[in-house]
Amino acid sequence: MHWGLLINLKKCVGCQACTIACQNENALPSDLKYCKVAKVGPHGRYPNLTSYNITVGCMHCEDAPCVDGCPTGASHHRVDGIVAIDPEKCVGCLFCMLVCPYGVRQLNDEKGVVEKCTMCCERLDEGRVTRCVETCQLQARLVGDLDDPESEIVKQIHKQNAQPLYHHLGTKPSVYYIMP
Amino acid sequence: MNCGMLATVEDGVVTKLVGDPEHPFNLGAQCPRGASALDHLNHPNRINYPLKQVGKRGAGQFKRVSWKEALDDIAARLAVLKEEYGAETIATTGGTNRTDDFARRRFFNLIGSPNVVHTAPVCWIPNFLTESASYGWAAFDPEIAGARCVVVWGHNPGSSYLPEMRGLLQAKANGTKIIVIDPIYSETASKAELWLPIKPGSDNALALAWLNVIINEGLFDYKFVAEWTVGFDELSDRVQEYTPEWAAEKTGISPELIAESARIYAMSKPACIQWGVATDQLGKGSTASAQARVALRIICGNLDVPGGDVMPGPHPTFVTDWEMELNEMLPEVQRNKQLGSEKFKLNSWPGYKLLTENMLRVWGKSIPAEWFCEANPSRVFRAMATGKPYPVKACIVLANNPLVSYANSKLVYKALKNLDLLVVMEYWMTPSAMLADYVLPVASWLERPVMTTTYGVSDWLIASERAIEPLYERKTDFDFWKELGYRMGQVEYWPWETDEDMFKYRLDPIDLGVDSYEEFVQYYRMHFADREYRKYQTRGGATLSGKIELKISLFEQLGYDPLPHYVERPFSPETKPEIAEQYPMTLVAGGGFMPFFHSEHKEITRIRLLRPYPRVTINPALAEKFKIEEGEWIWIETPTGKVKQTAFISPAVAPDVIQAERGWWFPEKEVTEPSLMGVFDSNINVCVDDDPDTCDELCGSFCSRGIMCRISKVEEDA
């Protein structure tokens, strides 16, 4: 069992519903976002243009620098591949924020601990999908088991040649993108 | 748009809200607004009690009063004004998708005033009525999933209508060609097979040139045209002058691309032209542009066929809005006083009367008067401000912020200030509400039953029940009109105790054997009437000829050109050469954008932080010329007014075009006059003219797409 996300950039329109739904699901302060949306472009000269939108959250890397470097063991892998942070152990040293190549970790000032996307592991444990997948009007997101060759996510990854973002960094992310 | 939501209620408190997976629109998903709906329900800025202005209007000196005191006083003052000036002195403005519109019209028909207003002339109505005049209803249900080509014309569902965008992308994945026509490289354009980057306001020229190509190249549906339509020969003669070369200069699209795109549309059968509202906002020529698109749909044989533009017609058994409005109670003499109806005849009583005759013959029901038969907003605000042609002294505003939502905001301000009585029913304290004598608390969708019927013109309905009773002293709009009606001699016309009783009454003829509205929601939730395609074959067209009219006889009856034709843009160097040098750029003053709904949701922190400041999109070349940096405040100026927004530098717009965001006001700014929450600072409607001579000849739509403008840097502290 290895949870992963697939994000279809052919479909994303950048509405930011995932950002807001995630903030509400996790009762986050307004400046803390587990799932960020960026508009890329448009590039080119009017009217010869291209653009797409991308959502970025924790990549739940298999070789995660944040887990390797955490001095207290707060950042850790669950058995299902999700990178989690134990708030009891986190001392807010910010080391993980320095080493995360995707820049997706943020300090929660109110709590003094570092936070990031949990892949809604509690929801997954209950058999529900993540909040971002549930809210997406464009059906641009999919959550599933990367270890199961019969799962929809694995089939789609193969069919659409989905890739992790910056896979050359070698951290083996569990989040895949269908490029626009 | 009303998406389906599931609310978890514990001890009378809504604790959780998720999308309803069984709802056909959103399939369980939510947009940022839906995902923040609990913040909307419980926001500390919500109006919770009736408030009475005890100081000067606009001073913000509100005192809490009881509903009884407020309604008694409002009713008494309305009665006095009616006595002195006639019922037409009482007007109302409304908003979209949050109210039971028939109740407003019922109340107004019963008191005898025809002066009911929405932003109807710039929102779908010119399109709908042109279609209705041509074939008896609007074909507004495009079957995108079955279409081989979809034309998205002046519409950006990728930002304003996400479930529709989902449908488009699914169709695209199945091979449907998507053509987007838009001056802006929008979210939708970026996903399209073909984007036609037309000059703002040139939609009509493009549509006419498409007609020219399709007719001259013989790409139309000969059999359909011969059997079911009238006026084709005259149409064919008429469009000869509108060659692709002619249109190239107007639209900025090459003749080759115009011809090629026309061929794609005509040769991909079936195809849809999806409705949008940008083409209702061209000012003069809005209806003419609808006329040309309607002809395209007809001659290509896409009307009411599977995978084409499907025409619902009224729900046959449900008691529709039209049946609830009591239009017959409004005497002829009062209908004739409807402001603007002597000039803008299609969307007011003269056109509505003819349309209704046609529709009754074929459908047995007409379209509602709400939205489709209204006074002209510009005329109503002028009458408030000047007393001409007669004084309008009172206005009831519901689900609407007129200072932001209508053109020429400073005139609207003058108008509202000049009233003897202004009543605003609202969720929030808005700039317009600040000017009111009474601000009344309205229940939002979780606190009321909602019935979605597409403004009363679809053959289906979707119902939801209230999650909770209205919080504090909030009331539904239906309750408000009913209780005000009680006080104005209308007791016998409001026999329903609750919103649910009223809906139950309307559902009963469907005969589903339910004992209550709640039971309907629980067991059925929605009802889709049986629908057949090609209803022109079985029922005939709801037109004078009984056929589908390319030459629209109803337009002829009203004294308008019955054939598609070109109308010069109201604001262009050709029409206004005297100011062309001073205002060299073209302003697009509108377009829905995430995360706001029209002028709403500015108070909700999470949403507002996604877009804290208003943005005007300018091309990098223009930015360089004016030495403008990203995020810098810049002035946008037209002969009508001047506001500032922050620069968003992007090649999504042409170098001589700017697109300003609409709907801006700032709840965090000084609330009292003269600031009124900064309503004149960045609100682009300050710059939008509504001079009746620049408005659409048939529907009185003001122009917000393609206005002559200029920009300049905002110096420090300005």
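**A hairpin, a domain contact and a chain interface**

In this predicted model, Lys39(A) sits opposite Asn53(A), a residue of strand β3(A). The setting of this pair is an antiparallel arrangement of two strands of chain A, β2 (residues 36–45) and β3 (residues 48–56), which are held in register by 8 bridges. The link between β2(A) and β3(A) is a hairpin of 2 residues.

Both of these strands return at the interface between the chains. There, 25 residues of chain A are in contact with 35 residues of chain B. On the side of chain A that touches chain B, two or more residues come from each of β2, β3, α1 (17–25) and α5 (131–135) of chain A. The greatest contribution to this side is that of α1(A), with 5 residues. Sorted by class, the chain A side comprises 12 nonpolar, 10 polar and 3 charged residues.

Turning to chain B, three domains are assigned: domain 1 (51–123 + 320–485), domain 2 (139–310) and domain 3 (577–713). Domain 1 of chain B is thus written as two segments, whereas domain 2 and domain 3 are each written as one. Taken over C-alpha atoms, the centres of domain 1 and domain 3 of chain B are 27 Å apart. These two domains also meet: 26 residues of domain 1 of chain B are in contact with 29 residues of domain 3 of chain B. On the domain 1 side of this meeting, at least two residues are supplied by each of α18 (402–405), α19 (409–417) and α20 (431–434) of chain B. Of the elements there, α18(B) gives the most, with 3 residues. The class make-up of the domain 1 side is 13 nonpolar, 10 polar and 3 charged residues.

What, then, of the interior? The largest nonpolar core has 269 residues, and the members that touch the most others are Val151(B), Leu211(B) and Ile658(B). Helix α8 (residues 203–216) of chain B provides the largest share of this core, namely 10 residues. For a closer look at one of these well-connected members, Leu211(B) can be followed beyond its neighbours within four places in sequence: its contacts there are Val239(B), Tyr242(B), Ala292(B), Ala295(B), Leu296(B) and Pro564(B). Separate from this core is a second one of 8 residues, among them Cys3(B), Val18(B), Leu41(B) and Leu446(B).

Terms used. Residues numbered from 1 in each chain as written. Chains lettered and ligands numbered in written order. Predicted model: local features only at pLDDT ≥ 70, side-chain atom pairs only at ≥ 80, totals over all residues. Pairing = 2+ DSSP bridges. Helix = DSSP H or I, 4+ residues; strand = E, 2+ residues; numbered from the N terminus. Domains from an automatic or database assignment. Contact = placed C-beta atoms within 7 Å. Nonpolar A, V, L, I, M, F, W, Y, C, P; charged D, E, K, R; others polar. Core = buried A, V, L, I, M, F, W, Y, C linked by C-beta atoms within 7 Å. Buried ≥ 20, exposed ≤ 12 C-beta atoms within 10 Å, placed from the backbone.
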